[in-house]
Amino acid sequence: MLVVMEKSAKKENIEKVCKIIESMGYKSHKIPGPSRTVVCVTGNDKKIYPEKILTIEGVKEIVHVSKPYKLVSREVKPDDTVIKLKNTSIGSNKISIIAGPCAVESREQIFEIAEELSKRDVKILRGGAYKPRTSPYSFQGLGEKGLEYLALAGEKFNLSIISEVLDTESFPIIENYVDIIQIGSRNMQNFSLLKKAGKSNKPIFLKRGFSSTLNEFLLAAEYIISEGNPNVILCERGIRTFSNETRFTLDISAIPILKKMTHLPIIVDPSHAAGIRDLVEPLSKAGIAAGADGLMIEVHTNPDAALSDSAQTISIESFDKLLSKINVIKTL
Ligand code: PEP
Ligand code: MN
């Protein structure tokens with residue numbers, strides 16, 4: 001349910017609405033917008049008394065929200081969410097490029113890549129320190145040392161940094177170093193991790209589970225926002241289908257559909273979707289053409305030597321070519 005306030009509604013009356021909602025056993029979420037403030041009501045199974053709310057001064061109307069997800073929906077918040085970072089922002093009429101290696105491998109490696117990327121149109125550096133590898137025998141990441149190198153590289157080259165959190169125990173360590181916390185595909189429905197992310201004051205980059213519907217994806221984002229963290233970035237990174245020529249199948253149609261369903265920014269990850277270097281450029285172009293707010297791309301100064309996801313990692317030269325194509329598509 002949504003309580004729509006008059007444009008001129010006083011702050012004290014908005015507070016009054018929130019108090020009454022909470023006294024009925026629900027949670028209230030104030031969502032300010034350029035033309036109105038709305039108070040979204042979430043919770044379950046309790047009786048609601050709309051007449052108690054409608055009589056408060058400044059209340060315009062009560063609207064039923066038809067979707068199972070509330071706070072992430074455009075119904076509740078029509079304006080695009082913009083995520084502000086120290087050196088840039090994500091969302092709304094702007095293409096953000098997040099790039100870097102799959103994993104931080106050494107201080108030298110991440111510094112070399114960060115320096116190259118900072119000379120280009122990149123404001124956000126990626127690099128895994130705790131890696132969710134399919135095989136327990138594959139490189140698992142450098143752990144906290146990796147985060148330290150990533151943070152130092154980010155500082156030196158004025159880049160925001162993003163890295164993945166695998167579990168609730170290591171959450172505070174990752175949170176301490178990064179500007180954006182990534183929750184990977186395999187953890188999209190790890191509800192205790194989502195709730196923990198909802199208590200953080202850092203933006204959360206939520207990757208779509210590779211067997212998840214868009215409804216499930218948005219409900220996962222809803223977990224984070226309902227706990228108090230409104231800064232969620234969605235990432236389409238490919239889903240499992242019967243097609244086995246690629247690692248996953250990039251769900252291009254998810255982008256325009258999500259744009260209608262939600263106000264959250266949507267980033268496309270062509271690298272994990274394809275699993276093949278040569279496909280990263282065409283899928284990037286498709287993602288931007290379909291309306292994504294940006295890309296997350298695995299780039300390495302020596303892709304063949306990358307300790308993880310080498311087959312899908314592109315070189316700086318290929319990255320330059322890709323950026324020039326994206327710049328053309330951006331103008332369409
Ligand atoms: C990653 O971005 O490093 C990653 C592991 O991605 P995903 O969760 O999409 O597989
Ligand atoms: Mn990877």
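How many aromatic pairs does the structure hold? In this predicted model, the structure holds 3 aromatic pairs. A pair of aromatic rings is described by the distance of the centres and the angle of the planes. Aromatic rings also take part in arrangements with charged side chains, and two of these can be described here. The charged end of R107 sits over the ring of F111, at 4.6 Å from the centre of that ring. In a second arrangement, the charged end of R237 sits over the ring of F248, and here the separation from the ring centre is 4.2 Å.

The manganese ion, which is ligand 2, has four kinds of residue among its protein donors, namely C102 through SG, H272 through NE2, E298 through OE and D309 through OD, and these donors lie 2.0 to 2.3 Å from the ion. Along the sequence, the donor residues follow the spacing C-x169-H-x25-E-x10-D. Because H272 lies in helix α9, which covers residues 270-274, and E298 lies in strand β14, which covers residues 294-298, the pair ties together parts that are 26 residues apart in sequence. H272 counts as buried, since its relative accessibility is 9%, and E298 likewise counts as buried, with a relative accessibility of 1%. The donor D309 is found in the loop between β14 and α11, the latter spanning residues 316-330. At a relative accessibility of 16%, D309 counts as buried because the limit for that class is under 20%. The backbone of D309 has a phi near 55°, which is a positive value in a residue other than glycine.

A positive phi is also found at N158, where the angle is about 50° although N158 is not a glycine. The position of N158 is in the loop between α4, made up of residues 144-156, and β9, made up of residues 160-165. Strand β9 is also the place of S163, a residue that is buried, with a relative accessible area of 1%. A polar atom of the side chain of S163 lies 2.7 Å from the backbone oxygen of G127.

Turning to the other ligand, the residues around ligand 1 are R126, K131, P132, E164, Q182, G184, S185, R186, K207, R237 and H272. H272 is thus listed around ligand 1 and is also a donor of the manganese ion, while R237 is listed around ligand 1 and has its charged end over the ring of F248. Three of the surrounding side chains can be described through their polar atoms. A polar side-chain atom of K131 lies 2.9 Å from an oxygen atom of ligand 1, and for Q182 the distance from a polar side-chain atom to an oxygen atom of this ligand is 2.9 Å. For K207, a polar side-chain atom is placed 2.8 Å from an oxygen atom of ligand 1. On its own, ligand 1 has 300 Å² of accessible area, of which the protein covers 97%.

Helix α5, formed by residues 171-177, is the place of F171, and N176 is found in helix α5 as well. F171 counts as buried at 1% relative accessibility, whereas N176 counts as exposed at 59% relative accessibility. The C-alpha atoms of F171 and R208 are separated by 19 Å, and these two residues are 37 residues apart along the chain. For N176 and V328, which are 152 residues apart in sequence, the C-alpha to C-alpha distance is 37 Å.

Two further residues complete the description. L219 lies in helix α7, which runs over residues 214-226, and this residue is partly exposed, with a relative accessible area of 29%. Between L219 and M188 there are 9.9 Å in space from C-alpha to C-alpha, and the two are 31 residues apart in sequence. V65, by contrast, is found in the loop between β4, residues 59-63, and β5, residues 83-84, and V65 is buried, with a relative accessible area of 2%. V65 and A292 are 227 residues apart in sequence, and their C-alpha atoms are 26 Å apart in space.

Terms used
Residues are numbered from 1 along each chain as its sequence is written. Chains are lettered from A and ligands numbered from 1 in the order in which they are written. This is a predicted model: local features need pLDDT of at least 70, side-chain atom pairs count only at pLDDT 80 or more; totals for chains, interfaces and linings use all residues. Side-chain values use heavy atoms; hydrogens and water are left out. Rings of Phe, Tyr and Trp (its six-membered ring) pair if their centres lie within 6.5 Å; planes under 30 degrees apart count as stacked, over 60 as edge-to-face and the rest as tilted. A charge sits over a ring if NZ of Lys or CZ of Arg is within 6 Å of the ring centre and within 35 degrees of the ring normal. Donors are N, O and S atoms within 2.8 Å of the metal (3.2 Å for Na, K and Ca); water is not among the atoms, so sites may look incomplete. Helices (H or I, at least four residues) and strands (E, at least two) are DSSP runs, numbered from the N terminus. Buried means under 20% relative accessible area, exposed over 50%, partly exposed in between (1.4 Å probe, protein chains only). A residue is near a molecule or strand if one of its heavy atoms lies within 4 Å of it. A polar contact is a pair of N or O atoms within 3.5 Å; within protein, one must be able to donate a hydrogen and the other to accept it, and residues adjacent in sequence count only if both atoms are side-chain atoms. Accessible areas come from the Shrake-Rupley method with a 1.4 Å probe; for residues, only the protein chains shown count as cover.
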